[in-house]
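The following exercises treat local geometry, helix packing and nonpolar cores. Please examine the sequence and the structure before reading each solution.

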Amino acid sequence: MRLSDRTARFVLKPIVFLAALGPVSWLVWAGLTDHLSANPLSDITNETGIWTLRFLCLTLAITPLRRLTGWNTAIKFRRMLGLFAFFYGSLHFLTYVIVDRFAGLDFTDGVLSWATVRNLAASVGADVYKRPFITIGFAALTLMVPLAATSTAGMIRRLGRKWQTLHRLVYVSATLGVVHYWWLVKADVRSPLLYAVIVALLLGFRVWRRKKGTGVVVSRRAPAV
Amino acid sequence: MRAAGTAGAVAALAAGGLAGSEAWLEAQEAAHGRKLDGVQKSALSTSAKPNSWKEITTYNNYYEFGTNKEDPAANARNFKTEPWTVTVDGECNKKAAWHLEDILKGQTLEDRIYRHRCVEAWSMVIPWVGFPLADFIKKCEPTSKAKFVEFTTLYDPKQMPGTRSRVLSWPYVEGLRMDEAMHPLTILVVGLYGEVLPNQNGAPLRLAVPWKYGFKHAKSLVKIRFVEKQPMNTWQLQASNEYGFYANVNPTVDHPRWSQATERVIGGGFFRKKTEMFNGYGDQVAKLYAGMDLKKNY
């Protein structure tokens, strides 16, 4: 069954959009109604982080989905999923800054002062510099900034072919995201391993396609010689 | 159809994620146990307000019952703690298999409200019920060769689903230097809030060493062994650059992956607390480590 562009745009997109807001809505609800664990601030940090990774995986799954099924309308969801990955990543970073760094500062000059701003910047900076798993998570998110900024139709037009090249940075972000998760856990790497496998499969698909692609070209050329 | 499939996949993933999150909803506090008799107050208790029964019994690191904080509350529910035997072995005169009742016979129990600091930089205040480990050690008559005490947790894959995967090297082993083990603050715990210790907290018998990180507090003890050489503890075996033998709470020695300077006080509001040297028990225990480089011996 072929799906019209109208259905995709006016029915499916709003559904996916609302579904993507599910996790953050749930967190807000659970936080306000005492349904998180005894350490709710840590739950918010962890959940926003894992959802960043999930949305990165979904974004990376669009191309393989199109290639494997021929359902090209899927492309219409890629930008939204990518932006949600950035959204959850930003929430994750913001939670860390507020709950982990800001909440641990000295407030000798009071909370609302320039010293607080300076101390917070120093505290985040030192953490990003000193701790490899924070460094790598920070890098993963930073690399997503230009992608989010150039996600508009206007930017796609303006950048032309360069846009595609630039947006391959998402491969790096997803990989760093998995490493960030891996380096965070104490002993049980099963969950990071799952994401490592998923991201490896999604990126591996692209490598495989490219190789296969070249193969086709060579075989096409062969008879002409 | 395919479109519906994608939307379905997104929805399924969302639902799956939420179902995972809902594990918290299932983290039910422990049922209340038998009230312990004749429990005395102790001068060694902190005056800080203890965490709630719910917080203490739903937020647990007890990998034998799963690696998520809410796992032990769900998976330890039917754990069998009676009968319970503790084997005493090694460099001592009284090697024996002790029934828990015999260990407790004639032993005065005390309320010990202790600050509890996890190596993951969160903390609670916990009203343990227990007695000095020193009392029991004296009954075992360790010889002059006994320089360390090694503690082993039960390893029972049938009852402990977490041990069916090799997340850690089982059984869980911890150790203390003899003088640490004999210190009046070091206790064997059998209760919480005046009641029998809930399973997820290490029933029926666990250690509490309040100036050390939580992972030193071995749970569900089945073996106590007096040894000459420093035992290899499980977390050190797992990652010796991150977890040492001493594991004294120390705000100046960071975990390689996170800072130990501050801690998230469970149920303690938004701001983090400054972590204190030896978890605030320095007056009592700092002398045990006089002259030692605590940056090396972390």
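B:P171 is placed in the loop between β5 and β6 of chain B, strands and helices being DSSP runs (E, at least two residues; H or I, at least four) numbered from the N terminus. The model is predicted: local features need pLDDT of at least 70, side-chain atom pairs count only at pLDDT 80 or more, and totals for chains, interfaces and linings use all residues. Residues are numbered from 1 along each chain as its sequence is written, while chains are lettered from A and ligands numbered from 1 in the order in which they are written.

**Exercise 1. Determine the peptide bond geometry at B:P171 and at B:P83.**

Step 1. The bond from B:W170 to B:P171 is cis, with omega near -5 degrees.
Step 2. The bond from B:E82 to B:P83 is likewise cis, with omega near -5 degrees; B:P83 is in the loop between α4 and β1 of chain B.
Step 3. For context, most peptide bonds are trans.

**Exercise 2. Characterise the backbone and the burial of B:A121 and B:S220.**

Step 1. Phi of B:A121 is near 70 degrees, a positive value in a residue other than glycine. B:A121 belongs to the loop between β3 (110–117) and β4 of chain B.
Step 2. B:S220, in the loop between β9 and β10 of chain B, has a positive phi of about 35 degrees although it is not a glycine.
Step 3. A residue is buried if 20 or more other C-beta atoms, placed from the backbone, lie within 10 Å of its own, exposed if 12 or fewer, and partly exposed in between. B:A121 is therefore buried, since 21 other C-beta atoms lie within 10 Å; B:S220 is buried because it has 28 within 10 Å.
Step 4. As a contrast, B:A74 in helix α4 (residues 71–75) of chain B counts as partly exposed, because it has 17 C-beta neighbours inside 10 Å.

**Exercise 3. Describe how α3 and α9 of chain A pack.**

Step 1. Helix α3 (residues 40–69) and helix α9 (residues 169–184) of chain A meet at an angle of about 145 degrees, their axes 10 Å apart. Axes are lines fitted to C-alpha atoms, for helices over the stretch in contact, and angles run from 0 to 180 degrees between N-to-C directions.
Step 2. The contact (C-beta atoms, placed from the backbone, within 7 Å) involves A:T52, A:L53, A:L56, A:T59 and A:L60 of α3(A), and A:V170, A:S173, A:A174, A:G177 and A:Y181 of α9(A).
Step 3. These residues comprise six nonpolar, four polar and no charged. Ala, Val, Leu, Ile, Met, Phe, Trp, Tyr, Cys and Pro count as nonpolar, Asp, Glu, Lys and Arg as charged, and the others, Gly among them, as polar.

**Exercise 4. Which residues touch the most other members of the largest nonpolar core?**

Step 1. A nonpolar core is a set of buried Ala, Val, Leu, Ile, Met, Phe, Trp, Tyr and Cys residues joined through C-beta atoms within 7 Å.
Step 2. In the largest core, of 67 residues, they are B:W128, B:L188 and B:V189.
Step 3. The largest share of this core, seven residues, comes from β4(B).
Step 4. Not counting residues up to four places away in sequence, B:W128 touches B:R112, B:Y114, B:I187, B:V189, B:G191, B:L192 and B:A208.
Step 5. Another core, of 34 residues, lies apart from it and includes A:F55, A:A85, A:Y88 and A:I136.

How values were computed
Two residues are in contact if their C-beta atoms, placed from the backbone, lie within 7 Å.
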